Amino acid sequence: MIRHFFFFLAVFLLMSRLGESQTISNLPQNYFANPLDINLRLSGTFGELRSNHFHSGLDIKTNQRTGAKVYATASGYVSRIKIERYGYGKALYITHPNGYTSVYAHLEKFSPRIEKYLKKKQYENEAYTIQLFPTDLELRVDQSEVVAYSGNSGGSGGPHLHFEIRDSAARPINPLIMGIEIPDTKRPLVKQIKAYPLNETSTVNGKNKAKLLRLIPLKDGKFKVEAFRAYGEIGIGVNTSDRQNGANNQNGAFHIETFFNGSKNFEITFDRYAFNESRHINQMIDYEHFKNTKSRISRLYIPNGSPLSMYQDNINKGVLQLYDKNTTHSYSIKIEDFKKNQVEINMNIKNDPAPDSIPFPNDEKLTFINHNLTYHQKNGPFSLMIPKHALYESEFLDIAQNADTLKVHRDIVPLHKNMIISYDMSSKQNDNIKQYYIGRVTGWGAVYHVNTRRKGNILSAATRTLGTYAISKDDVPPTIKPVNFKNKQWITKNTSLKLKLTDEDTGVDAYRATVNGKFILTEYDYKTGVLTHDFADGVVTDTENELQVIATDNVGNSTTFEATFYRKS
């Protein structure tokens, strides 16, 4: 109890200090050790621009293999274990006495004592997906103790370790500024520059339309941009990435600042942010450009209403005020990685005179949505609700209904909150309405299931993606096939039981496996469709075993698989 008291006292005092104003210069530099015992090479950096979020840690390469030993980066205790089919997969959280928490994700498995603790809880709850919060006395760990093994679980696109450090306010912080060492002698890359008129009276080269500008590489490693003309309020955007030694992955930049006529007017540093800020990435980038080209241009100005704490010094939010006649302005961008490798881009902007007239867009067929108000409209059997502030700014959207399909513009405008699409099933009362769902129609005509709720005759789905949605039906249950055994087969040498579990239409929602009527833990990898039970769990002890697996898809269609297998006890 005395150790318990002093541990919490130390944590309380340090967290109190961390809660005060803290700069990068006074963060601990030699406290955290590397989480792997190999030379660290990155496939992803902190703050990197990802779909709908900033990357919250470092993605560390494990040579395309799973099973690398993962070490506690500092002493502390396991404060959270989260197991999920998607997202981080198998993840471990360690809280340290200095108030920080380290996170290790996409793991293959945990060290034996942590794995034993986890399995016990999973069997008690009869569930694979689980979230646990051990006390500070249950799973203490020392610095450099093996706590897990790297894997490819959850939403991982390949074997690697996702590693984070979070501060006392649960904000992810760049591990590089905490002393994690990554060799880097490569300067950032520059791919695209774009100029944006920011209101209806602004122009770039005489047009009220954004324009990609030609980049010209120079011998000294710098870039210049073709000269252009502009009038009014103008913003500049850049598509940039960075590389570290030992890998060719194009990762995120660390620091960008801009200068207008020699004075700094914008700065952003990817050092720390709060998770509730993350989706504002869609406001920071040119979202339409990304959806059309798959390349991300970062706006080097602060959009209205953006709460991103990574923004720093700015003048007029980084917006260029170009109203002086016959004046040429200088503008430069400096992009820097954590190791101070730098690239510079310079351009000249000549003031255009004010336009004589601005063509008024033909928006007669579009619906105006005021982002400060909730939009609610009925379209045939469909109802659409877009809550206030779901849009970052007011927009004209193409909204149209045709039979069982509702078009809500295209996915070139980002949503910050869910819109709600509802459908009245009254016309389908003679059918099995439980098998219907709302799906998103792709450009090639496929329909992807959206999580759909049913209340009486009304289907409803919440989504943050504009596009075309249709009512679809799934009357085909999941399929279950054995992989490494056959019915009535002896499988004493097997270390695991594997089955292929798939559902082509709406996807697998739930599954449960029993042997001789007793629950057995099974792990489902949605990427391969393989369901696995590890015999090392020790719950299968009989010679003759009756296996039953029940799987349900996302509209409730169910399949039951049964087989007999034999093992020497």
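Start with α2: its six residues are the largest share of the lining of the second largest pocket. Keep in mind as you click around that this is a predicted model.

**Stop 1: the second largest pocket**

Select α2 (112-125) together with β9 (107-110), β44 (523-525) and β45 (530-534); each of these gives the second largest pocket at least two lining residues. The volume here is about 900 Å³. For a centre to zoom on, pick Lys90, Glu108, Lys109, Glu523 and Thr532, the closest to the middle among the 37 residues that line this pocket. Colour the lining by class and you get 11 nonpolar, 13 polar and 13 charged residues.

**Stop 2: Ala105**

Next, select Ala105, which sits in strand β8 (residues 101-105). Is Ala105 buried or exposed? Its relative accessibility is 0%, so Ala105 counts as buried. Show what is around it: leaving out residues up to four places away in sequence, Ala105 touches Tyr88, Lys90, Ala91, His160, Leu161 and His162. You have already met Lys90, among the residues closest to the centre of the second largest pocket.

For a sense of scale, draw a C-alpha to C-alpha distance from Ala105 to Asp313: they are 34 Å apart in space and 208 residues apart in sequence.

**Stop 3: Glu164**

From His162, one of the contacts of Ala105, go along to Glu164 in strand β13 (residues 160-166). The relative accessible area of Glu164 is 0%, so this residue is buried. Which side chains make polar contacts with the side chain of Glu164? One is His162, at 2.7 Å. Another is Arg166, also with a polar contact of 2.7 Å between the side chains. Now widen the selection: setting aside neighbours within four places in sequence, Glu164 is in contact with Ser56, Gly57, Tyr88, Thr101, Ser102, Val103 and Phe275. Tyr88 is worth keeping on screen, since Ala105 touches Tyr88 and Glu164 is in contact with Tyr88 too.

**Stop 4: the nonpolar cores**

Hide the surface for this one. In soluble globular proteins, nonpolar side chains tend to be buried together. The largest nonpolar core here has 63 residues, and Ile81, Leu92, Phe110, Val147 and Leu547 touch the most other members. Pick Leu547 and show its surroundings: beyond residues up to four places away in sequence, Leu547 touches Phe485, Leu497, Leu499, Thr514, Val515, Ile520, Phe561, Glu562, Ala563 and Phe565. There is also a second, separate core of 41 residues; to find it, select Phe54, Leu215, Ala230 and Val238, which it includes.

**Stop 5: the largest pocket**

Turn the surface back on and go to Pro197, Leu198, Glu393, Ser394 and Glu395, the residues nearest the centre of the largest pocket among the 46 that line it. The space here comes to about 2000 Å³. Which elements each supply at least two residues of this lining? Select β15 (189-197), α3 (281-284), α4 (287-293) and β30 (395-397). The largest share is from α4, with five residues. By class, the lining of the largest pocket divides into 22 nonpolar, 12 polar and 12 charged residues.

**Stop 6: the cavities**

How many cavities of 30 Å³ or more does the structure hold? There are two. For the largest, select Thr45, Leu176, Gln244, Phe254 and Phe338, which lie nearest its centre out of 16 lining residues. Its volume is about 130 Å³, and its lining has eight nonpolar, four polar and four charged residues.

The second largest cavity has about 30 Å³. Select Ile256, Ile268, Phe270, Met284, Ser298, Arg299 and Leu300 to see the residues that line it. That makes five nonpolar, one polar and one charged.

**Stop 7: two backbone oddities**

Finish with Lys317, in the loop between β23 (298-299) and β24 (320-322). Lys317 is not a glycine, yet its phi is positive, about 60°. With a relative accessible area of 38%, Lys317 is partly exposed.

Then jump to His409, in the loop between β32 (405-408) and β33 (419-424). His409 also has a positive phi, about 55°, although it is not a glycine. Is His409 buried or exposed? Its relative accessible area is 13%, so His409 is buried, the cut-off for that being under 20%.

Conventions
Residues numbered from 1 in each chain as written. Predicted model: local features only at pLDDT ≥ 70, side-chain atom pairs only at ≥ 80, totals over all residues. Heavy atoms only, no water. Helix = DSSP H or I, 4+ residues; strand = E, 2+ residues; numbered from the N terminus. Buried < 20%, exposed > 50% of the residue type's maximum accessible area, 1.4 Å probe, protein only. Contact = heavy atoms within 4.5 Å. 1 Å grid on protein atoms, 1.4 Å probe; cavity = no way out; pocket = protein on both sides within 12 Å on 5 of 7 lines; lining within 4 Å. Points joined across faces, edges and corners; volume = space filled by probe spheres on them. Nonpolar A, V, L, I, M, F, W, Y, C, P; charged D, E, K, R; others polar. Polar contact = N/O pair within 3.5 Å; in protein donor to acceptor, adjacent residues only side chain to side chain. Core = buried A, V, L, I, M, F, W, Y, C linked by side-chain atoms within 4.5 Å.
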